[in-house]
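Good morning, colleagues. Please take a moment to look at the sequence and the structure on the screen before I begin.

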Amino acid sequence: MGAEKRKTETVSREELEIQKQFSQKVGSVISSKYAEKPKACVITYGCQQNVADSERIKGMLEVMGYDFTEERLEAKLIIFNTCAVREHAEDRVFGNVGSLKKYKRENPDAVIALCGCMMQQKHIADKIKQSYPFVDLVFGTHVVHCLPELLYKALTGRKRVFEIPDMDGVIAEGIPVKRDNDAKAWLPIMYGCNNFCSYCIVPYVRGRERSRTKDDVVNEFKQLVAEGYKEITLLGQNVNSYGKDLIPRVTFAELLKELSELDGDFRIRFMTSHPKDCTKELIETMANCDKVAQHLHLPFQSGSNRVLKAMNRHYTREQYLELINYAKELMGDELSITSDIIVGFPGETYEEFKETLSLVEEIKATSLFTFIYSPRKGTPAAEMDDPVSAEEKSKWFKELTDLQEKISGEQMALHKGKTYKCYVYGKGKLSDNYVAARNDGNLIIEFEGDESLIGTFQNIKVIEPLTFVMRGEIVKEK
């Protein structure tokens, strides 16, 4: 593989070496301060990209000498990795941080830190600075790799540390990772977004699109396979834009094909895709590569062309359906489709909402992620007229979820009696002695089995389809 030249700035080896030195300094501080290894609690909100960021945060903390706990009142370091996509997530952060005021007063040596997308917004950082004086450290999305230096300042200085640079972001390779799950792995392939959907804050807090080089992605993927991971999900705000900033350019379909040709028993998933950049080449790659899951998460957000234009989505209902129908043509019944929908976008009428309902009927998704519109300060949509009441939007929302529940039940029923190669990823919820598995189309099948099966592929026959999960039984080889 030839080395790619790139436009995106990469953190230098010298800077990474400086951070390693700060890691050692933090280690010296905490070892002199505590008789036992101090515990850190990292609380993550939002998307899988945030989960992946938290795994890198924990990787750095582990090198510095921290152990981990899920009980924040046991921790000497509490980090909230925040999400700015919806107001509800922000409210939860403020509530949970506020609840630590007493703990901080009783444990003044504990460090409370906030990072992630919320913190990249100036008005949020200012609110933390003014209303939460017991928070010691706040840092934005572009300086996660500087955590050792920032934490050292928070531990040794007398001033609170705020580091929220206004920049497009960088790529930092070689950051240690402490993964949350032994059965499946997240692999970020790019960061940021260039789309500027009118309702979305992500481009403002995550910066412009920047791709990791193909060599770096492939090398990390190989390492994951060598470590025994069998289900690996490629991450990006818009994975379909991968490689546009690399020279020579690499398409996401080309990367996917190269990864699928590597040796090993594994399955590749990816998210999230944007319809305007979803190509027939990508759909053909999914259909032709056995190791790529035949699950397409392709958010359409609205079935109305006028609303899509107001959302700045850059595709039409007809173009979206053309992609879905092409994918169904190539992958047939094995294809699983999921999507995102926003209900009650500013100015949306009930007639336009009914266009969304008709699109839901037409695509027959396995499941949908549905949200009532949440205004985000700093986005164009937040300034639009929004005459429909919250009560009316809630009625629309219920109409949508009732319809999708009916469709999901019908889609699940199609699988009764079929046997699938499934990856067992964790404990089940239907019964204490059940484990949970996922088939190629991202459908969950639970069955009676020992936890020793977690992390393996098994052939599972569907015996009872439910609405959002299926009950199955393991098929023993003869």
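In what order do the 3 strands of the open sheet stand, and is their pairing parallel or antiparallel? What we have is a predicted model, and in it the order is β8-β11-β13, with parallel pairing. The edge positions are taken by β8, residues 184-188, and β13, residues 267-271; each has a single partner strand, so one side of each is left without a neighbour in the sheet. From one strand to the next, the twist averages 25°.

Let me look at one pairing in detail. Strand β11, residues 231-235, runs parallel to β13, and 5 bridges join the two. Among the residues involved, Leu235 has Met271 in β13 as its bridge partner.

Two helices should be mentioned together with this sheet. Helix α8, residues 214-226, packs on the sheet and touches β8, β11 and β13; its direction makes about 170° with that of β8. Helix α2, residues 48-64, also lies across β8, β11 and β13, but runs at about 95° to β8.

Helix α2 leads us to the cavities. The structure holds 2 cavities of 30 Å³ or more. The largest encloses about 250 Å³ of space. Its lining consists of 15 residues, and those nearest the centre are Asp53, Thr141, Val144, Ala172 and Tyr191. By class, this lining comprises 8 nonpolar, 3 polar and 4 charged residues. Helix α2 supplies the largest share of the lining, with 3 residues.

The second largest cavity holds about 40 Å³ of space. Around it are Asn50, Asp53, Ile57, Asn81, Cys115, Gly116, Thr141, Val144 and Arg206. Two or more of these lining residues come from each of α2 and β5, the latter spanning 111-116. Here, too, α2 gives the largest share, 3 residues. The lining divides into 3 nonpolar, 4 polar and 2 charged residues.

I turn finally to a pair of helices. How do α1 and α6 cross? The crossing is left-handed. The axes of α1, residues 13-33, and α6, residues 147-156, come within 7 Å and cross at roughly 35°. On the α1 side, the contact is made by Glu15, Gln19, Phe22, Ser23, Lys25, Val26, Val29, Ile30 and Lys33; on the α6 side, by Leu147, Pro148, Glu149, Leu151, Tyr152, Leu155 and Thr156. This contact has 9 nonpolar, 3 polar and 4 charged residues.

Thank you for your attention.

Key. Residues are numbered from 1 along each chain as its sequence is written. This is a predicted model: local features need pLDDT of at least 70, side-chain atom pairs count only at pLDDT 80 or more; totals for chains, interfaces and linings use all residues. Side-chain values use heavy atoms; hydrogens and water are left out. Axes are lines fitted to C-alpha atoms, for helices over the stretch in contact, and angles run from 0 to 180 degrees between N-to-C directions. Helices (H or I, at least four residues) and strands (E, at least two) are DSSP runs, numbered from the N terminus. A crossing is left-handed if the near helix is turned anticlockwise from the far one by less than a right angle, and right-handed if clockwise. Contact means heavy atoms within 4.5 Å. Ala, Val, Leu, Ile, Met, Phe, Trp, Tyr, Cys and Pro count as nonpolar, Asp, Glu, Lys and Arg as charged, and the others, Gly among them, as polar. Two strands pair if DSSP finds at least two bridges between them. On a 1 Å grid over the protein atoms alone, a cavity is a set of points where a 1.4 Å probe fits but cannot get out, and a pocket is an open set with protein on both sides within 12 Å along at least five of seven lines; lining residues have an atom within 4 Å of a point. Grid points are joined across faces, edges and corners, and a volume is the space filled by probe spheres set on the points.
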